[in-house]
Amino acid sequence: MKRSSLYCILTDVHLWVPVVVLVLGITLLMMLR
Amino acid sequence: MSDATAPAPVRSIIRSGISLHKLGVFCGLSAAVWLGSAEAPTKLVTVGFSPFILSMGMVMGAFVARWTAPTLLKGTGFVFSDLRQKPHLIVWALLAGMLWAVANTLTIFGVRNVGLAIAFPLWNTNSLVGLFWGCLLFKELRGSRTKDWGKVIGGAAAIVFGAAVLAVATAQQNAGTPGRAAIGIIAALGAGVLLGTMYIPYRKAYISGMNPLSFVTIFTFGELGTVSLLTAINLGGVSPLVAELHRARPMLFWPFVGGFCWVIGDLFQQYAAKYIGIGRGIPLSNTNQLWGLAWGALVFGEFLGLTTGGRLLILAGSSIMIAGAVSISMAEPAPSEMEHWHAAMHRECDRYGMDTANVAAVVAGNDPLADHKLQRRWWEVVIMLAAAGIFVWLAVGTRAQHISVSLPWMVVLIAGTIIPLGLCGTLLWRRTRFS
C-alpha cells in the first residue's frame with residue numbers, strides 16, 4: 001500500500017531530530033530571558 | 001542561456017571538466033568570504049541600537065535581497081516548479097530557517113554574557129555537530145579511507161581550534177560583559193548545536209535534488225517569521241518592535257547590506273552542502289571568521305593597539321584555520337564513500353516516490369531542465385525593482401556614520417569579495433547551470 005506524504009514526513013527521523021533540537025533551543029531561549 | 005527544444009538525455013550533460021568536489025570546495029570558500037563580509041556593514045553601526053534590532057535588520061535585508069540578484073539566476077517559475085515536485089521539503093526549509101533564527105538569538109546571549117572570545121569558538125563547533133549528523137543520517141564519510149577521515153575530522157577540528165585562537169586574540173579588543181558566564185556558555189553551546197542541526201535540512205534537500213535557490217526562498221520565510229516573533233517577545237510586543245525599527249531607520253541600510261552579503265554567502269554554502277556534503281562544506285564556510293577579522297583589522301583598524309603576542313596569536317589562529325581548510329579540500333570522497341551517498345539518495349527517492357534517475361542527475365549537477373529556456377514572468381521584474389527600491393530608499397535616508405575606515409583596504413577587500421563571486425559563479429554556471 002502506498003503511504004501518504006504526510007505519513008512519510010511524520011515518521012521521518014530527519015524531521016524529528018531538528019524538531020526536538022528546535023524545541024530544546026526555544027526552551028533554552030525562554031529560560032535565559 | 002542555451003535554448004534547448006527537447007529534454008537532453010539525463011546522463012549525457014557534462015558541461016565542464018571541473019569535478020564536483022573542487023566545485024564544492026570553491027563554493028565553501030566563497031561562502032566564507034561572503035559570510036565574513038556580511039559582518040562588515042554591521043560594524044558601521046555605532047552604539048545605541050538593540051542587538052535584536054540589528055539582527056532583525058539583517059534578516060529583513062536577507063529576505064529582501066533574496067528577491068534581487070538571485071531572482072535573475074532562476075525565475076520564480078523554476079522555483080515554483082521545483083517546489084511542486086518536492087513539496088515535502090518545504091517543511092525542512094522552514095525548519096532550517098527557524099533553527100537559524102533561534103540559534104542567532106542565542107549567540108546574542110552568548111556574546112553578551114561571556115564575550116565573543118569564548119562564545120564564538122563554542123558556537124563554531126556547529127561544524128562538528130554537522131559532521132556528526134552528516135555521518136549518522138546521510139552516510140557521509142562512510143566507506144571512506146582512513147586518511148580521508150583524518151583529513152576531514154582533523155581539518156574540522158583545526159578550524160574550530162583556529163577559531164578559538166583567533167577569538168582569544170581579538171578578545172583583547174572586544175571584551176564581553178563579565179558575569180553570568182554559565183548562561184553565556186550554555187547559550188553559545190546551544191547555538192552551536194542548533195546551527196549544526198540546521199544542516200540536516202540542507203543535506204536532506206540536496207540529496208533529494210532540490211535547487212538551492214528554492215530552498216533559500218522558503219528558508220528566508222521561516223527565518224523572518226521566527227526572528228520577528230522572537231524580537232517582538234524580547235522587546236515586549238509588536239508596538240515596541242515597530243517603534244524600535246522606526247527609531248533604527250537611519251542606520252537600517254547597513255544591516256540590510258549585511259543581509260544581502262549573507263544571502264550570497266548562504267547560497268554558496270548551500271551549493272557546498274550539495275556538492276561536497278555538510279561534513280566537508282560547513283567547516284570550509286566556517287572559515288568566514290578570517291574574513292570578518294580582515295575587515296575589522298584592515299578596514300576598521302580595530303587591532304591597532306594589539307600587542308605583539310596578540311598579533312602572533314592572530315597569525316597562528318589564521319594559519320591553523322587555513323591548514324584545516326586545505327586538509328578538507330584535499331579529502332575528495334572515494335568511490336566507496338560515494339556508494340553510501342547514493343544509498344542515502346535512494347532512501348529519499350524510495351520514501352517520497354521521486355524519480356531516482358532524475359534526482360541522481362540533479363544531485364550530480366546535471367539537471368535535465370537546466371538547459372531549457374526559462375520562462376520569465378512580468379512580475380519578476382516588479383519584484384526585483386521593488387526589492388532594489390527598498391535598498392535605495394534605505395540608502396537615501398541613511399545617516400552618515402562617523403567611523404574612520406581605510407579606503408585602500410576597503411577597495412582591496414571589496415575586490416577580494418567580488419572576485420570569488422565572479423569566479424565561483426562562473427564555475428557553477430558552466431558546470432551545473434546553478435542546479
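Biologist: What percentage of the 33 residues in chain A do buried residues make up?

Modeller: Please note that this is a predicted model. A residue counts as buried if 20 or more other C-beta atoms lie within 10 Å of its own. In chain A, 21% of the 33 residues are buried.

Biologist: How many helices and strands are there in chain A, and what does its C-alpha trace span along its principal axes?

Modeller: Chain A has 2 helices and 0 strands. Its C-alpha trace extends over about 50 × 10 × 5 Å along the principal axes.

Biologist: How many residues does each chain bring to the contact?

Modeller: The size of an interface is often given as the accessible area lost when the parts come together. Here one may count residues instead: chain B supplies 24 residues and chain A supplies 16 residues. On the side of chain B that touches chain A, the elements giving two or more residues are α6 (89–124), α9 and α15 of chain B. The largest share, 10 residues, comes from α9(B).

Biologist: How do the residues of that side of chain B divide into nonpolar, polar and charged?

Modeller: The side of chain B that touches chain A holds 17 nonpolar, 5 polar and 2 charged residues.

Biologist: Which residues are buried in helix α16 of chain B, and against which helices do they pack?

Modeller: Helix α16 of chain B covers residues 356–363, and B:Val359, B:Ala361, B:Val362 and B:Val363 are buried there. The buried residues of α16(B) pack against α9 (181–206) and α15 (335–352) of chain B.

Biologist: Which residue just after α16(B) takes a positive phi?

Modeller: That residue is B:Gly365, with a phi of about 80°.

Technical notes: Residues are numbered from 1 along each chain as its sequence is written. Chains are lettered from A and ligands numbered from 1 in the order in which they are written. This is a predicted model: local features need pLDDT of at least 70, side-chain atom pairs count only at pLDDT 80 or more; totals for chains, interfaces and linings use all residues. A residue is buried if 20 or more other C-beta atoms lie within 10 Å of its own, exposed if 12 or fewer, and partly exposed in between; C-beta atoms are placed from the backbone. Helices (H or I, at least four residues) and strands (E, at least two) are DSSP runs, numbered from the N terminus. Two residues are in contact if their C-beta atoms, placed from the backbone, lie within 7 Å. Ala, Val, Leu, Ile, Met, Phe, Trp, Tyr, Cys and Pro count as nonpolar, Asp, Glu, Lys and Arg as charged, and the others, Gly among them, as polar.
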